[in-house]
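Here is a friendly walk through the enclosed spaces and the charged pairs of a protein chain. Keep the structure open beside you as you read.

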Amino acid sequence: MNRIEKLLILALCLIAAPFLAGSTRDSFVVVKVVGLEGAPVEGASIDFGLGKVQTDADGVARFGLPPGRHSLLITAEGYQETAAMLVVDDDRETVVEVEMAPLVRIEEEIIVSATRSESRLEDQPVRVEVVDREEIEEKALMTPGSIAMLLAETAGLRVQITAPSTGAANVRIQGLRGRYSQLLSDGLPLFGLQGNSLSLLQVPPLDLGQVEIIKGAASALYGPSALGGVINLVSQRPTRRSREILLNLSTQEASDLTFWMVEPPKGKFAFTLLGGLHGQRQQDLDSEGWADLPTYARGVLRPRFFWQGEDGKSVFATIGVTAENRRGGTTPEGLAPDGRPFPENLGSRQLDSGGVMKFPLGSNTLLTARGSFTYRSEERVFGESFERGRRITGFGEVVLRGASGRHVWVVGGAVQQDHYQNRDLEGFDFNFVTPGLIAQDDILLSDKVTLGVSARLDRHNEYGAFASPRISLLVKPSPRWTFRLSGGTGFFAPTPFVEETEETGFSRLLPLRNLAAEKARSASLDASWKRGPLEFVFTVFGSVVRDPVESEFVGADRVELVNAPGPVRTWGTELLGRYRSGGFLLLATHNYTSSTEADGDAGGRRQVPLTPRHSASLNAIWEDESWGRFGIETYYTGRQPLEFNPYRVEGRSYLLVGALLEKKFRGARLFVNFENFTNVRQTRWDPLLRPARLPDGRWTVDAWAPLDGRVVNGGVRWIF
């Protein structure tokens, strides 16, 4: 008998076996799956070994099983996995009911304060993006001395270097100029009413609890300083005693020593203290005699005081001291193309203070008073020019917040003062005083729809009165979907502090005259979908800035600030995808931005310089509480138009790749961070230095790519 014959006989035996053993047939089985209080569970999956079925709207599934003992495995979203046993009799219907326990998820409730209603993040009609503590800790290991990288790697934000020689930078929100972005600390403008170009570089992130970001015109919330949006840095609250020291060194000869101390509540009082010493040596990476990275030395000290009384009364107060010296321009042995040394130095000293007091007036009403004061002096050297100036800003606000029925309302008033005095140049002093009235109402139209309406009326002593309304709509049609539609207006009071003068100073700038306030309208539509560990957010945004202020060359060595002949129009999209499971996080983003402005030289319109059309990122990080963390990051920046660049009219696209490794050892954590593996550096393609000086005094081209190249930093963080 050959192999084929044997296989045929075996097949016939298998086919005939059921008939020889006696015929059997499946019995009918009915399984009902219920949750708490007997509520049916729709869409539950029942695995019975021979196949799978799902329950219907009544939580019932019907299928056949042969007689005998069987095990079932039932799974459903939002419920714990459940196993069940049943015995099936021959020629008899078997009915069984299975009860599933809800899946207990421990989620941190995020309360945001940037919109004044201080409600949960998911209940805000205004979209507020929150950078949580986990991401802050990661960025604190990469750049312990500043929040620049933390903001630069947030979707929709771009940190733009405004003065390559000194490293000064600001943050652009959805393509708008950096001067329109309002930077707050615990809701207070401690960095000035218009964030200066060094604020991002002088704030250590070690003590931050979260960062709240509102994109688009927010003058209805914070007056003329928030034309482009608001970034609120919220410090951690003192819940337990802690001491932290972070020491960091980098291959670019940068060093950081940061200290954070927490004294938890003792009775009604609590206290935190943040201190830091930061420095770097000058780096000339392409050896052309000009500093690609400046020398700087900085000290920061910020205590915070907390008092919690009875019946919800509370007081928060802080004082900050910052001192820094920066030195850039030509190196000690280098010369500018005209054959002379050209130092660019900046010395700054800042003292600020602020406080927030809250007093409940009954069960549904809260009176909040907040105020701040900032004194900042700067000494700036631009070659042969020496400028000394001081800027004093003050802010005060009193609002009453209450809840009545379906309304959460806010009414109040505010006043802010912005005073600048230049000791060496005439024509640039100003003293702006702006009182304003505030009204806001969040209306719960239904369980799924919330309408937010806010308005502010400001009276500027130089530019007149402005009304700034804003309206927002929150729609949650299902637990998985959330939609937000927002629109608002705002205004901005022009000052001599624009991106161009950050690098050149005022020596070649004509005194301001005949300027109108900049005004903006913005709108956005957000759609978010979330299911289990997966989340997607898609945004479409647009804005129009009328009477934008721009610089215009006047003769061979003068520049003047004027209102552009046409508006700046910006629109774009943001896409964010996030997968979080346990200690693993995968994050992908894409941004598209189109921004055009009037072209005064050629006529028509042109793309706004230094605005990439496309940018994207893909990050993965794994964290274990006992072991540490490991992450890989990739960031893509597309082509961008350039201005007054003799080497190219468009910047190259580039990809940055980095990795972070942190290992925990009881009270110590060792970390090493690799930035820019492929050594992308602007000066590898073109010189930073121009062959001739521009009429406004600039020797360098704009920074459109990284200036530092590959960087490795590492250190240790002690927690005790």
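Strand β21 gives the largest share of the lining of the largest cavity, with 6 residues. Please bear in mind that the model is predicted. The largest cavity has a volume of about 410 Å³, and its lining counts 29 residues. If you want to find its centre, look for Asn-196, Glu-378, Arg-391, Phe-497 and Glu-502, which lie nearest to it. Two or more lining residues come from each of β20 (365-382), β21 (385-404) and β22 (407-422). By type, the lining of the largest cavity divides into 7 nonpolar, 12 polar and 10 charged residues.

In total, the structure holds 12 cavities of 30 Å³ or more. The second largest cavity encloses about 190 Å³. Around it stand 21 lining residues, with Gln-174, Lys-215, Gly-216, Arg-470 and Ser-524 nearest the centre. Here the elements that each supply at least two lining residues are β12 (208-215), β26 (481-492), β27 (518-531) and β28 (534-546). The lining of the second largest cavity consists of 6 nonpolar, 10 polar and 5 charged residues.

Now to the charged pairs. The structure has 48 salt bridges, and three of them are set out below, with the distance from N to O.

| Salt bridge | N to O distance |
|---|---|
| Arg-177 and Glu-597 | 3.4 Å |
| Arg-326 and Glu-324 | 2.9 Å |
| Asp-458 and Arg-456 | 3.0 Å |

The side chains of Arg-177 and Glu-597 meet in a salt bridge. This pair links distant parts of the chain, 420 residues apart: Arg-177 sits in the loop between β10 (168-173) and β11 (181-185), while Glu-597 belongs to strand β32 (residues 584-598).

Is Glu-597 buried or exposed? Glu-597 counts as buried because its relative accessible area is 5%, under the 20% cut-off. Its partner Arg-177 is partly exposed, because its relative accessible area is 24%, which falls between the 20% and 50% limits.

In the pair of Asp-458 and Arg-456, Asp-458 is buried, with a relative accessible area of 1%. Arg-456 is also buried, at 3% relative accessibility. Arg-326 and Glu-324 are both buried as well.

Which residues are linked in a network of salt bridges? The network joins Arg-133, Glu-137, Glu-244, Glu-623, Arg-629, Glu-662, Arg-669 and Arg-717.

Technical notes
Residues are numbered from 1 along each chain as its sequence is written. This is a predicted model: local features need pLDDT of at least 70, side-chain atom pairs count only at pLDDT 80 or more; totals for chains, interfaces and linings use all residues. Side-chain values use heavy atoms; hydrogens and water are left out. A salt bridge is a side-chain nitrogen of Lys or Arg within 4 Å of a carboxyl oxygen of Asp or Glu. Helices (H or I, at least four residues) and strands (E, at least two) are DSSP runs, numbered from the N terminus. Buried means under 20% relative accessible area, exposed over 50%, partly exposed in between (1.4 Å probe, protein chains only). On a 1 Å grid over the protein atoms alone, a cavity is a set of points where a 1.4 Å probe fits but cannot get out, and a pocket is an open set with protein on both sides within 12 Å along at least five of seven lines; lining residues have an atom within 4 Å of a point. Grid points are joined across faces, edges and corners, and a volume is the space filled by probe spheres set on the points. Ala, Val, Leu, Ile, Met, Phe, Trp, Tyr, Cys and Pro count as nonpolar, Asp, Glu, Lys and Arg as charged, and the others, Gly among them, as polar.
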